[in-house]
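Thanks for asking for a second pair of eyes here. Have the structure open as you read, and take the points below in order.

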Amino acid sequence: MTELHKSFDYVVVGAGSAGSVLAARLTEDENVSVLLIECGGSDDLPEVKDPSKWPTLFYGDLDWGWSTQPLRSCNNRVDHLPRGKMLGGCHSHNASAWVRGHHSDFDNWAYSGCPGWSWADVLPIFKKIEDWQGPASDLRGTGGPIFVTPPVDPNPLSTTFIEGARLSGLPVLDDINSSVDLLGAGYFNFTVKDGQRFSVVDGYLKPAMSRPNLTVLTHAETDRVVLDGHRCIGVEYRREGRIHRVHADCEVILSAGTIGSPRILLLSGIGPEKDLQSVGIPVAVNLKGVGRNLQDHALLAGLVYECQGSLPPLRNNGAESTLWWKSDSRLIGPDIQPVFIEFPLASPELADRLPHDQCYTISPSVVRPASRGTIRLASADRTDAPLIDVNFMSRDADVTAMLAAVELCREIGNSDAFAPFRAREVMPGPLGQTDMIDFIRNSVSTYFHPTSTCRMGQNPMCVVDPELKVYGIEGLRIADASIMPNVTSGNTNAPSVMIGEKAAELIRA
Ligand SMILES: Cc1cc2nc3c(=O)[nH]c(=O)nc-3n(C[C@H](O)[C@H](O)[C@H](O)COP(=O)(O)OP(=O)(O)OC[C@H]3O[C@@H](n4cnc5c(N)ncnc54)[C@H](O)[C@@H]3O)c2cc1C
């Protein structure tokens, strides 16, 4: 490594979905210098580039490998919470689905104290990001940095899922992201180009890498921000066993993700006073909301069907079709999202019920969860894993929504559409309500969409204001999925990329 400059205008921590976009946009101004610090290394690996291989990254060097605390409302099971640890962050690890969300997700953000973040505000940003390859629509963007496409040559099973939904009386969407209402079944959009993953690294970071005003530092783990009174003046990071400091002349922006950003704040003494005192960290700012309000979509793994004959081989990411629906018709938007999965998926606790691997799965999920969890530090040791309490199914409303989702999925799975493929329903089968709830508690897992641990807004539990500035500290912002006031009702990558773009706009303004 050549000697790093001692100071930059901006230091961005985390080269994931939001951080990569932010660093690339800020350095479009050649008078601005940016240091982008990433804990992981290159994403240029065959297992990352192949969009079907994302489950093989679990627990390896490219995954932070976090586990949850025992899930109290799920029979104390412990879940794995994968997070990408490389350039591109989770966009280099994820299942490549591209979903913006429901318009009311963003309108609710705006209404709850975040002016500038309504659907009308963020739609132009989504359009600017996209290079959409599907049918033209006023709601889609073309020519942007991120290649977005309908699935190429989808699996017949995924197509059957959409037909099963139609036979069950549900609408079919030509393009999920051209539907403002997001109600119905359809294929996911994918960030895959020529059969290869196409992430924020390809769309934003690589084109910016040759700029002399952008420095990307990999294999560097940021432990804390450096404060001078109530002003953030830089960060402290570990690299090759040594601790280094770098100065930010203008601002530090944390884009370390839903687990990483609150963790850095807590290690810096910014967070709930009692939590900090309990691990012996001096309090710099008593910010009660740091690490609170953790939300994640709860995915059921899953409703499994034995296939007649051999299972059609996986195509694309192995999960190409989906459905958004309401568990209660009085809701303003969808709160459940079944996903069709082209392989058998069961929780470790129920895996022994799988007869063999020639099975497919329908996985219902709850995408407007009422349950809330926390991120806390286990100790003041910067190398200790954080305590991640996702707290799935701790609210009855989530159990009720999941019950409705399971019934809807069983109707689709047992519909005539699947007759050519279905040998039998392996699980859950027609259980009574008590047993079905137990099945749910034994099967719920992460849908990989944790958000909201540094929520944006204007009440005492908020961590950043609508300009993403951390309350009580000058020169420090957060830009990643942790700032979402509430999780969106779609998969969370596209909104995270949007947050990176919006952060750049706010900083440049
Ligand atoms: C297995 C999996 C499948 C998923 N599938 C989909 C999908 O198909 N569609 C979808 O929309 N969403 C999906 N998601 C979720 C989506 O990818 C994330 O919500 C989104 O990428 C989050 O972006 P972010 O910028 O908040 O954080 P990230 O992309 O996680 O970026 C954070 C970055 O910060 C780095 N970092 C963290 N701490 C530090 C530190 N202390 N010092 C230095 N660097 C640090 C990390 O290594 C990482 O690179 C999936 C996620 C996973 C894990």
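1. Let's begin with R372, which sits in the loop that links β23 (365-366) to β24 (374-376). Do keep in mind that this is a predicted model.

2. Is R372 buried, exposed or something in between? Its relative accessible area is 31%, and because buried means under 20% and exposed over 50%, R372 counts as partly exposed.

3. Which residues does R372 touch? Leaving aside residues up to four places away in sequence, they are N293, L294, Q295, V390, N391, S394 and N486. With N486 there is also a polar contact of 3.3 Å between the two side chains. If you would like a landmark elsewhere, try C90: 282 residues separate R372 and C90 in sequence, and their C-alpha atoms are 22 Å apart in space.

4. Next, please turn to the ligand. It is surrounded by 38 residues, and the closest are S17, E38, T222, T492 and N493. By character, this shell comprises 16 nonpolar, 17 polar and five charged residues.

5. Some individual distances are worth finding on your screen. A nitrogen atom of the ligand lies 2.8 Å from a backbone N or O atom of T222, and a backbone N or O atom of C39 is 3.2 Å from a nitrogen atom of the ligand. For T492 the side chain takes part: one of its N or O atoms is 2.7 Å from an oxygen atom of the ligand.

6. How much of the ligand's accessible area does the protein cover? On its own the ligand has 1,000 Å² of accessible area, and the protein covers 98% of that. The elements giving two or more residues to the shell are α1 (17-26), β13 (221-228), α7 (257-267) and α11.

7. Now for the nonpolar cores. In soluble globular proteins, nonpolar side chains tend to be buried together. Here the largest nonpolar core has 84 residues, and V11, W117, L476 and M498 have the most contacts inside it. Helix α11 (residues 493-508) contributes the most to this core, with seven residues. A separate core of 51 residues lies apart from it, including V366, I388, M393 and I440.

8. Finally, have a look at W117. Not counting residues up to four places away in sequence, W117 touches F106, W109, A110, V122, M456, P466, L468, I483, M498, I499, K502 and L506. You will recognise M498 in that list, as W117 and M498 are both among the residues with the most contacts inside the largest core.

Methods: Residues numbered from 1 in each chain as written. Predicted model: local features only at pLDDT ≥ 70, side-chain atom pairs only at ≥ 80, totals over all residues. Heavy atoms only, no water. Core = buried A, V, L, I, M, F, W, Y, C linked by side-chain atoms within 4.5 Å. Buried < 20%, exposed > 50% of the residue type's maximum accessible area, 1.4 Å probe, protein only. Helix = DSSP H or I, 4+ residues; strand = E, 2+ residues; numbered from the N terminus. Contact = heavy atoms within 4.5 Å. Near = heavy atom within 4 Å. Polar contact = N/O pair within 3.5 Å; in protein donor to acceptor, adjacent residues only side chain to side chain. Areas by Shrake-Rupley, 256 points an atom, 1.4 Å probe, with all protein chains shown as cover. Nonpolar A, V, L, I, M, F, W, Y, C, P; charged D, E, K, R; others polar.
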